[in-house]
Amino acid sequence: MSTIIDLVILFTNFFYIGAFSFGGGNAMIPFIEDVVRSNGWMTSGQFADMIAISQITPGPIAINMATYVGFNVAGPIGSVVATLAVSCPAFILILIIMRFILEKFNNSFYVKAVFIGLRPAVVGLIAVAVLNVATIALYNKEIYNQTSSVVQSINYLGVFITIASFIAMYKWRIHPIKCILVAGIFGALFMN
């Protein structure tokens, strides 16, 4: 049974993530990972699984991840609290923009300049998320700790699936859902 304190912590953390993450759901992944780790809500493996599930389920990844974390921490009510919290800042901001500064917002040199500065930061946030997930998906730290062998700790099937998926989507424009389904089948058939 969740406590009021758990729900307040969930709301506060996800409201903060929603308020200070720019660039969409993928840019929020490092923030969510930090919150999850600092509160001890999930292991690295569970976090990687959550990202995968959040990517393949319908809806924005940030909402899916907030819902998943909220459920993991405090059940169905936690899902509702975390989802509302991550959504509230954007909703409030859009209301303010629509009501007061829409015309000036569209034509403001300073606003355009801020967004030009934010774009590279968003790329950096997404790159951090990619590196963190790649480390979890393609490298087994436990095997390395046991053997001290980088060669044995690499998930070669994972590397193959990553490269094949990238080529399929980038070069041949194969739909991501098809890549996810094929990758899932490969994982089920060939992973030990």
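Leaving aside neighbours within four places in sequence, G78 is in contact with L7, L10, G70 and F71. Please select G78 as the starting point of this tour through a predicted model.

**Stop 1: G78 and its surroundings**

With G78 highlighted, display the helix that holds this residue: α4, which covers residues 61-107. Is G78 buried or exposed? Its relative accessibility is 0%, so G78 counts as buried. Next, add F11 to the selection and draw a line between the two C-alpha atoms. The separation is 8.7 Å, although G78 and F11 are 67 residues apart along the chain.

**Stop 2: the whole protein**

Now clear the selection and show the protein as a cartoon. How many helices and how many strands does the protein have? There are 9 helices and 0 strands. Followed along the sequence, the pattern reads α-α-α-α-α-α-α-α-α. Taken along the principal axes, the box filled by the C-alpha atoms is roughly 60 × 45 × 30 Å.

Colouring by accessibility gives another view. Of the 192 residues in the protein, 28% are buried. Contacts may also be sorted by sequence separation: among those with a separation of 6 or more, 55% join residues that are 24 or more positions apart.

**Stop 3: helices α1 and α2**

Two packed helices are described by the angle between their axes and the distance between the axes. Select residues 4-20 for helix α1 and residues 25-39 for helix α2. These helices pack at an angle of about 160 degrees, and their axes are 10 Å apart. Because angles over 145 degrees count as roughly antiparallel, α1 is described as roughly antiparallel to α2. The crossing of the pair is right-handed.

To see where the helices meet, show side chains on both. On α1, select I9, N13, F14, I17, G18 and F20; on α2, select M28, F31, I32, V35 and N39. What kinds of residue make up this contact of α1 with α2? They divide into 8 nonpolar, 3 polar and no charged.

**Stop 4: a salt bridge within α2**

Side chains of opposite charge can pair when their charged atoms come close. A search of the whole structure finds 1 salt bridge. Remain on helix α2 and select R37 and E33, whose side chains meet in a salt bridge with an N to O distance of 2.9 Å. Why are R37 and E33 separated by about one helical turn? The reason is that they are 4 residues apart in helix α2.

Keep E33 selected. With a relative accessible area of 5%, E33 is buried. Not counting residues up to four places away in sequence, E33 touches F47 and N132, and both may be added to the display.

**Stop 5: helices α8 and α9**

Finally, move to helix α8, residues 156-170, and helix α9, residues 176-190. Their packing angle is about 160 degrees and their axes lie 10 Å apart. That angle makes α8 roughly antiparallel to α9, and the crossing of α8 and α9 is right-handed.

Which residues make the contact? From α8, select L157, F160, I161, S165, A168 and M169; from α9, select P176, C179, A183, F186, G187 and F190. The residues of this contact comprise 10 nonpolar, 2 polar and no charged.

Methods
Residues numbered from 1 in each chain as written. Predicted model: local features only at pLDDT ≥ 70, side-chain atom pairs only at ≥ 80, totals over all residues. Heavy atoms only, no water. Axes fitted to C-alpha atoms, helices over the stretch in contact; angles between N-to-C directions. Helix = DSSP H or I, 4+ residues; strand = E, 2+ residues; numbered from the N terminus. Parallel < 35°, antiparallel > 145°, perpendicular 65-115°, else oblique. Left-handed = near helix turned anticlockwise from the far one by under 90°. Contact = heavy atoms within 4.5 Å. Nonpolar A, V, L, I, M, F, W, Y, C, P; charged D, E, K, R; others polar. Buried < 20%, exposed > 50% of the residue type's maximum accessible area, 1.4 Å probe, protein only. Salt bridge = Lys/Arg side-chain N within 4 Å of Asp/Glu carboxyl O.
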